[in-house]
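User: Please take me through this structure, and explain for each term why it applies.

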Amino acid sequence: MRGRAAALPPAGRPPAEALARLRLARTEGVGPQTWRRALARFGSAEAALAALPRYPAPRGGPPLRPPPEAEAAREWEALARLGGRFLFLGDPGYPPLLALAEDAPPVLAVLGDAAALAAPQVAVVGARNASAAGRRIAEELAEGLARAGVVVTSGLARGIDAAAHEGALRGGRTVAVVAGGLDQPYPPEHAALQARIAAAGAVVSEAPLGTAPQARHFPRRNRIVAGLALGVVVVEAALRSGSLITARLALEAGRELFAVPGSPLDPRCRGANDLIRQGAHLVETVEDILPHLPDAPRDGPLFRLAAPPPEAPQKPEEPGAVPPPPAPRPGEIDQVLDLIGHSPVAVDELARRCHLSASALQAILLELELQGRIESLPGARVARTGPARNEPMGSA
């Protein structure tokens, strides 16, 4: 990743731009893709925050209001007191594989060794109500991977996740991705395990400190688990489970998928068995995993980005500084909007049809998104948000 680091070690006052990036990421209504486009469009988070008040409330909701600077500073200082730090998308230390995802978190809060996030990782996930046999094989696989120099990543949940972390701690390093704030260990009985992981690896969250994990947070946690790893190993998973969400996200990102077979009489094994039926690598020992790990992920939908991650802004007086693109013209905005319907359309398709530069198109999409007229969707797609207009849709 190119660009200057916006995050600092825990000690010291955060630079203004880093604090602005945190505030922009914590703004209700600004998601990962909007955050990217805002930095690309305005050149810095400080400039993006200054521009927000001119936009109407999206979809008739409350206006975009970033948290006060003092509130962001308190979060920064609270994380520092815990011994943690922030990593921003575009920082050299940001996990390189995760940065490739179109919905990569703009900011990660990290406890422990952030360098573990850049090392080769394999995720081990599975059932919370795991059997004794399932927990044992998860521990053995994780220990073997860790001894081979692979960082084992999981979600700190009960069952398979906890077993994977325990096994990895015996052999090397592990990363825990949590759904709530880093100061809210979940489940509560894993507080000591989280502390051990932070001492020997890293604990990561995109949620603000103080966030109690809720059901809606776990799919977002799962996308980070999948995004960090070269491959995902599933040990015991029902046909409808969060582990299969992680597996699907891994496949979409071009990662390797592994599954441990189980008894067809055990509902906890049906999801893993089905993955094998669909082509996942069958795993019995760590030797079934290591030979199949690539040096880099295969090309997948999440790697074909509409725009690269933002670079750290340059000061105007710096040699070679490139000013942000000019504000889009009304005619260009109408041209792009006419190509977007209520059915999702790929940003790549818009680029082919509108004949605008990539930077100009991204600026227009940001403008429309902040106005609440379009929304960003998975797979680098966009769609209109309001009722259809009685206007021709051009060549869309």
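**Terms and the values behind them**

Analyst: The protein chain exposes about 17400 Å², of which carbon and sulfur atoms supply 55%. Accessible areas come from the Shrake-Rupley method with a 1.4 Å probe, and for residues only the protein chains shown count as cover. This is a predicted model, in which local features need pLDDT of at least 70 and side-chain atom pairs count only at pLDDT 80 or more, while totals for chains, interfaces and linings use all residues. Residues are numbered from 1 along each chain as its sequence is written, and side-chain values use heavy atoms, with hydrogens and water left out.

User: Why is Glu 236 called buried?

Analyst: Buried means under 20% relative accessible area, exposed over 50%, and partly exposed in between (1.4 Å probe, protein chains only). Glu 236 has a relative accessible area of 7%, under the 20% limit, and is therefore buried. Buried residues make up 53% of the 396 residues in the protein chain.

User: What makes His 355 buried or exposed?

Analyst: The relative accessible area of His 355 is 68%. That value is over 50%, so His 355 is exposed.

User: What is unusual in the backbone, and where does it lie?

Analyst: Most residues other than glycine have a negative phi, and most peptide bonds are trans. Glu 236 has a positive phi of about 60° although it is not a glycine, and it is found in the loop between β7 (231-235) and α10 (242-252). His 355 also has a positive phi, near 60°, and lies in the loop between α13 (347-354) and α14 (358-370). The peptide bond from Tyr 186 to Pro 187 is cis, with omega near -5°; Pro 187 belongs to the loop between β5 (174-177) and α8 (191-200).

User: How many helices and strands are there, and what makes a run count as one?

Analyst: The protein chain has 14 helices and 12 strands. Helices (H or I, at least four residues) and strands (E, at least two) are DSSP runs, numbered from the N terminus.

User: How do you know that β10 pairs with β12?

Analyst: Two strands pair if DSSP finds at least two bridges between them. β10 is joined to β12 (residues 381-384) by 2 bridges, so the requirement is met and the two strands pair. They run antiparallel, and Ala 346 stands opposite Arg 381 in β12.

User: Why are β10 and β11 called edge strands?

Analyst: The 3 strands form an open antiparallel sheet in the order β10-β12-β11. β10 (345-346) and β11 (374-377) each pair on one side only, and are the edge strands.
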